[in-house]
Amino acid sequence: MKDFVAWKSLAKVYEKLSRWQDALNASMNALRAANRNPDTQEACYIGLLFIKVGNRVQAQKWLEAALPKTSDDNLEIKKAVLLGLVDVYLADKNTAKLNDAVNQLDGIDPEIINTLHPQLQAQLKEFRTKLEEARLALQKQQEEKAAAEKKAKEDAEKLAAEQKALEEKKKELMAQSEAEDRAKASTPAAQEGAKNQTAAQAQADESSAAYVKKSGEDLEGGDAKSAERNAHKAVAKDSNSFDAWQALAKAYEAQEKKSEAYFASREALRRDPKNVDAALYNLKCAAKVLTVEKLLDALYEAHSSFPTNNEIILGIARAYSALGSRNNAAYFYRQFLSSAPQNHPQRIDAQRELDYLTAGQ
């Protein structure tokens with residue numbers, strides 16, 4: 001204990017002589033002689049000596065360790081610790097920690113910072129403003145992300161429900177068609193006709209292509225419901241047939257069944273992904289049921305397969321315009337106008353839309 005008191009007294013002597021390194025060494029020897037951890041006052045003293053010798057890393061370590069252990073009743077030590085940390089954070093340009101230390105000091109001595117660092121409060125005010133702006137921007141970003149994820153989930157659930165309804169409708173219509181076929185086959189005239197039908201003709205009537213042809217004839221005759229039934233039969237005969245799914249999509253479209261038409265056109269495109277006409281028809285159906293954001297995704301997917309197609313490029317431009325993304329919209333409008341032939345039927349409208357979009361810029 002005598003060694004502890006002696007070293008501690010020596011440290012004070014060195015401090016008065018501004019011999020900071022010697023004072024620090026004596027303080028550390030005092031702790032070793034006491035064979036214990038420092039109390040908050042001792043930790044504060046050593047941390048401040050580390051500042052004096054230019055070792056900010058150790059100063060920060062000692063002062064930050066002392067701060068949470070310093071009682072709120074011991075305000076003078078707490079103020080000394082915080083002032084030491086302010087010096088460290090200022091030197092290291094650690095604005096976030098500096099702001100926290102100053103806030104704590106304001107609760108102890110509101111004038112001390114203005115006295116020691118007259119410009120600091122103004123600098124921290126600007127930092128706090130930017131910090132709040134960043135917090136609000138992050139909050140907005142998180143809210144938008146959550147809203148987008150919620151919408152995407154709702155869209156996926158809606159599409160799944162519509163797909164399920166489409167499959168159920170398909171089964172219902174197939175059952176109805178089979179029942180009608182059985183009823184027709186049971187009549188004497190049908191039975192007599194069946195006897196005279198050649199085997200080749202019977203096979204043709206049962207083929208997917210034959211039902212596709214019937215569906216097309218029904219559409220031309222204005223009977224969209226019959227066209228739908230025959231298209232369903234075509235799909236049932238050959239679910240991998242592009243023509244069958246395309247016929248079904250057109251039958252749905254003729255009846256304003258927009259979601260069903262979109263799903264069927266998408267199935268058709270899946271079976272012939274290099275068919276640009278199928279891609280354009282799918283986008284036409286998609287535009288009637290998808291949000292603009294989802295439609296833009298579909299347009300980009302088509303653009304990756306057909307990068308020079310003018311209709312797809314124009315579609316992207318118009319989608320961006322609808323979303324208020326003027327620069328992106330203008331870029332794709334210009335790309336369309338530079339590549340589309342002069343007699344393209346959409347050229348005049350596209351130029352007018354671009355002029356409106358860039359007016360005043």
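Colleague: I'm new to this one, so let's start inside: what volume does the largest cavity have?

Modeller: Bear in mind that this is a predicted model. Counting cavities of 30 Å³ or more gives one. The largest cavity has a volume of about 40 Å³.

Colleague: Which helices each supply at least two residues of the lining of that largest cavity?

Modeller: Start with the lining itself: Y252, E253, E256, K257, K258, A261, C285 and K288. Now match those positions to helices spanning 242–254 and 258–271. Each of these two supplies at least two lining residues, and they are α13 and α14.

Colleague: And how many residues of that lining are charged?

Modeller: Look down the lining again and you'll find E253, E256, K257, K258 and K288 among its residues. The split has three nonpolar residues and no polar ones. The charged count is five.

Colleague: Over to the helices: are α3 and α5 roughly parallel or roughly antiparallel?

Modeller: Helix α3 covers residues 40–52 and helix α5 covers residues 75–92, and their axes come within 10 Å. They cross at roughly 25°. Angles under 35 degrees count as roughly parallel, so α3 and α5 are roughly parallel.

Colleague: How many nonpolar residues does the contact of α3 with α5 have?

Modeller: On the α3 side the contact uses T40, Q41, C44, L48 and I51, and on the α5 side I77, A80, V81, G84 and V88. By class, three of the contact residues are polar and none is charged. That leaves the nonpolar group, which comes to seven.

Colleague: α5 also packs with α4, so which residues of α4 make that contact?

Modeller: Helix α4 runs over residues 56–66, and its axis lies 10 Å from that of α5, at an angle of about 140°. The crossing of the pair is left-handed. From α5 come V81, G84, L85, V88, Y89, A91 and D92, while α4 brings R56, A59, Q60, L63, E64 and A66.

Colleague: How many charged residues are there in the contact of α4 with α5?

Modeller: Spot R56 and E64 on α4, and D92 on α5. Eight residues of this contact are nonpolar and two are polar. The charged ones number three.

Colleague: Last pair: are α17 and α18 roughly parallel or roughly antiparallel?

Modeller: Helix α17 (residues 310–323) and helix α18 (residues 326–339) have axes 8 Å apart. Their angle is about 155°. Anything over 145 counts as roughly antiparallel, so the two helices are roughly antiparallel.

How values were computed
Residues numbered from 1 in each chain as written. Predicted model: local features only at pLDDT ≥ 70, side-chain atom pairs only at ≥ 80, totals over all residues. Heavy atoms only, no water. Axes fitted to C-alpha atoms, helices over the stretch in contact; angles between N-to-C directions. Helix = DSSP H or I, 4+ residues; strand = E, 2+ residues; numbered from the N terminus. Parallel < 35°, antiparallel > 145°, perpendicular 65-115°, else oblique. Contact = heavy atoms within 4.5 Å. Nonpolar A, V, L, I, M, F, W, Y, C, P; charged D, E, K, R; others polar. 1 Å grid on protein atoms, 1.4 Å probe; cavity = no way out; pocket = protein on both sides within 12 Å on 5 of 7 lines; lining within 4 Å. Points joined across faces, edges and corners; volume = space filled by probe spheres on them. Left-handed = near helix turned anticlockwise from the far one by under 90°.
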